[in-house]
Amino acid sequence: MTQDLAPSVREQAARERCADWWRDAVIYQVYVRSFADSDGDGIGDLRGIRDRLPYLAELGVDAVWLTPFYASPQADGGYDVADYRAVDPLFGDLSDADDLVRRAHELGLKVIVDIVPNHTSDQHQWFRAALAEGAGAASRDRYHFRPGQGADGELPPNDWESVFGGPAWTRTTGADGTPGEWYLHLFAPEQPDLNWNNSEVREEFESILRFWLDLGVDGFRIDVAHGMVKAEGLPAIGRNEQAKMIGAQVLPFFDQDGVHEIHRSWRQLLDSYGDGRIGVAEAWAPSSERLALYVRPDELHQAFNFHFLTCAWDADAMRGVIDESLAASTSVGAPTTWVLSNHDVVRHPTRYGGGEAGLRRARAAALLTLALPGSSYLYQGEELGLPEVTDLPDEVRQDPAFFRGRDEAAVRNTSDEGGGGQAGGQDGMRDGCRVPIPWSGEEAPYGFGPGGSWLPQPAAWRELSVEAQSGDPRSTLELYRSALALRRRLPGLGDGPMTWLDAPDGVLAVSRPGFVCTLNTLDREVELPVPGRPVLATAALHFTGGSVHIPADTCVWWAV
């Protein structure tokens with residue numbers, strides 16, 4: 001009897017490990033426009049990604065997260081979706097999406113796709129119908145249409161401002177040219193917010209999720225997961241303050257308790273597939289405790305930990321954020337996630353000071369995050385040490401926040417009253433982290449594709465390409481490859497316990513089972529007792545007797 005049961009017990013354990021793959025996964029974000037171009041139009045596409053999947057498998061990641069590739073006018077890089085069940089011709093077609101998912105699975109990679117439920121494109125059939133059918137039509141209840149204030153409705157319905165700057169409301173114009181109602185858009189005017197109190201909206205998105213789950217995707221990254229529900233009555237904020245995606249603000253359109261009912265229903269849908277499909281919240285909550293609410297056992301599986309991303313290069317600050325993050329996630333039984341960069345923020349080598357110092361710190365931060373309990377997210381090109389491109393000319397920029405901020409600055413400069421919105425929510429400089437990554441060659445577009453690239457690449461990137469760094473043991477690419485291989489091989493890494501070891505000021509020492517990670521955040525060398533056998537370091541170490549001299553801005557992994 002025992003022999004008969006043993007295989008089923010082992011199979012059950014294997015299924016459970018498979019279902020919980022996300023608890024310590026390393027997930028690689030692909031910004032579709034900028035990863036690899038297969039057809040020479042200068043824009044990355046699904047075939048280009050599919051052809052480069054072996055690189056990601058060799059790198060050692062567990063899953064790929066794809067930014068939106070749906071049919072879209074591209075007013076905000078695809079986050080303005082016109083058809084959630086179609087692939088935009090810029091990126092291919094549905095067969096390309098199917099091929100990509102199948103090829104990823106053959107290579108042992110999971111695939112997570114972006115879903116954008118807070119808003120649609122203004123070219124979505126629902127919004128076009130709402131405009132055409134006019135005030136009072138049932139189609140308008142799928143969005144937030146309101147009459148304006150003032151004698152003739154000439155003022156916005158409330159004082160909400162867009163994350164991209166300026167009012168969060170745009171007034172409609174009737175077929176006869178007369179001004180009409182206003183509609184809400186927390187981002188660009190081309191991105192009208194959906195009304196999640198409308199049952200049609202909820203039913204439609206359940207259908208959309210099933211469509212992609214049936215195609216084989218392994219989960220969804222939920223864009224603006226904290227913004228789908230607005231406070232009852234859309235109350236005014238009562239102050240002239242630019243909306244920000246993260247901060248201590250308490251806003252009537254972000255982090256409302258009503259979003260959790262939606263996420264619970266989505267968790268039930270994901271679990272119904274029974275094979276480890278996941279939901280990941282892009283939730284900018286004001287505290288780690290509020291963020292943890294998104295990953296309670298009956299809600300989503302992961303939430304991005306932006307508090308760590310925004311942390312300064314300071315040992316005490318980093319330890320505080322790590323402790324706070326682990327405590328909050330552990331309280332609800334969820335893993336913590338660690339992320340250093342994404343498509344909306346300045347790349348971390350530049351945030352950490354730029355130049356050689358910024359790169360040293362970025363490499364060290366990567367080893368720290370990969371040593372922490374939970375799941376890690378990598379943004380394309382960080383494994384190459386790519387810095388932010390800070391000198392893009394205005395004429396090539398495509399970030400809508402940039403243009404809106406520029407236009408409003410012009411208005412302020414010509415206005416007697418001044419004031420107005422600022423593009424401080426997202427500063428309009430996101431193009432600098434979205435420049436296509438370099439693969440090979442001495443000249444642009446550095447193997448990105450057979451044509452050019454939609455944003456210009458710096459000449460210095462020839463030295464940072466995959467080809468240039470492969471095989472160089474000192475390169476950032478080989479550092480990532482080694483770290484990811486060790487992370488899989490060392491049993492103490494990934495999900496599990498962690499404690500702090502005593503360390504001098506400016507130094508962090510993390511203990512995991514059979515493993516120690518030491519990080520020197522200072523601008524000078526430190527001398528410490530040798531804790532074990534060094535297995536990986538971001539810079540050369542010097543040993544004297546039983547001590548190790550760790551250079552400035554350096555991280556070391558030890559087997560103990």
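These are short exercises with worked solutions on a predicted model.

**Exercise 1. Find where Arg-277 lies, decide whether Arg-277 is buried or exposed, and list what is in contact with Arg-277.**

Step 1: start with the place. Arg-277 sits in the loop that runs between α6 (259–271) and β10 (278–281).

Step 2: check the accessible area. The relative value for Arg-277 is 11%. Buried means under 20%, so Arg-277 is buried.

Step 3: look at the side chain. Arg-277 and Asp-275 are joined through their side chains by a polar contact of 2.9 Å.

Step 4: now skip the neighbours within four places in sequence. Arg-277 is then in contact with Leu-213, Gly-216, Val-217, Asp-218, Leu-270 and His-301.

**Exercise 2. Describe α6: how many residues does α6 have, which of them are buried, and what covers those buried residues?**

Step 1: get the length. α6 has 13 residues, and from its first C-alpha to its last the helix reaches 19 Å. That's close to the 18 Å expected at 1.5 Å a residue.

Step 2: pick out the buried residues. In α6 these are Val-259, His-260, Ile-262, His-263, Trp-266, Arg-267, Leu-269 and Leu-270.

Step 3: see what lies over them. The cover for α6's buried residues includes β5 (110–115), α5 (199–215), β9 (219–222) and β10.

Step 4: add the direction. α6 lies across β5, β9 and β10, and runs at about 165 degrees to β9.

**Exercise 3. Work out how α5 and α6 pack: at roughly what angle do their axes cross, and which residues meet?**

Step 1: know what to look for. Two packed helices are described by the angle between their axes and the distance between the axes.

Step 2: read off both values. The axes of α5 and α6 come within 11 Å, crossing at roughly 35 degrees.

Step 3: give the hand. The crossing of α5 past α6 is right-handed.

Step 4: list the two sides. From α5 come Arg-202, Phe-205, Glu-206, Leu-209, Arg-210 and Leu-213. From α6, they meet Glu-261, Ile-262, Ser-265, Trp-266, Leu-269 and Leu-270.

Step 5: take one more residue of α5. Leu-215 lies in this helix. The C-alpha atoms of Leu-215 and Ala-97 are separated by 8.7 Å, though the two residues are 118 residues apart along the chain. Not counting residues up to four places away in sequence, Leu-215 touches Leu-94, Ala-97, Asp-98 and Val-101.

**Exercise 4. Take the sheet of eight strands: what is the strand order, and which strands stand at the edges?**

Step 1: walk across the sheet. This open sheet has the order β11-β10-β9-β5-β2-β1-β13-β12, and the pairing is parallel.

Step 2: find the ends. β11 (302–303) and β12 (337–339) each have a single partner strand, so one side of each is left without a neighbour in the sheet.

Step 3: zoom in on one pair. β5 and β9 run parallel and are joined by four bridges. Asp-114 stands opposite Arg-221 in β9.

**Exercise 5. Do the same for the sheet of five strands, and say which helix lies across β15, β16, β18 and β21.**

Step 1: give the order. This open sheet reads β14-β15-β16-β21-β18, and its pairing is antiparallel.

Step 2: name the edges. β14 (499–500) and β18 (533–537) each pair on one side only.

Step 3: look at an edge pair. β14 pairs with β15 (507–512) over two bridges in the antiparallel sense. Thr-499 has Ser-511 in β15 as its bridge partner.

Step 4: place the helices. α14 (476–489) packs on the sheet and touches β18 and β21, with its direction at about 135 degrees to that of β18. α11 (355–371) lies across β15, β16 (515–520), β18 and β21 (554–559), and runs at about 35 degrees to β21.

**Exercise 6. Hunt for unusual backbone: where are Gln-74, Val-224 and Pro-445 found?**

Step 1: recall the usual case. Most residues other than glycine have a negative phi, and most peptide bonds are trans.

Step 2: check Gln-74. Its phi is positive, about 65 degrees, and its place is the loop between β3 (70–71) and β4 (83–87). Gln-74 counts as buried at 18% relative accessibility.

Step 3: check Val-224. Here phi is positive too, at about 50 degrees, and Val-224 is in the loop between β9 and α6. At 1% relative accessibility, Val-224 counts as buried.

Step 4: check Pro-445. A cis peptide bond joins Ala-444 to Pro-445, with omega about 10 degrees. Pro-445 is in the loop between α12 (400–414) and α13 (466–469).

Methods. Residues are numbered from 1 along each chain as its sequence is written. This is a predicted model: local features need pLDDT of at least 70, side-chain atom pairs count only at pLDDT 80 or more; totals for chains, interfaces and linings use all residues. Side-chain values use heavy atoms; hydrogens and water are left out. Buried means under 20% relative accessible area, exposed over 50%, partly exposed in between (1.4 Å probe, protein chains only). A polar contact is a pair of N or O atoms within 3.5 Å; within protein, one must be able to donate a hydrogen and the other to accept it, and residues adjacent in sequence count only if both atoms are side-chain atoms. Contact means heavy atoms within 4.5 Å. The expected span of a helix is 1.5 Å times one less than its number of residues. Two strands pair if DSSP finds at least two bridges between them. Axes are lines fitted to C-alpha atoms, for helices over the stretch in contact, and angles run from 0 to 180 degrees between N-to-C directions. A crossing is left-handed if the near helix is turned anticlockwise from the far one by less than a right angle, and right-handed if clockwise.
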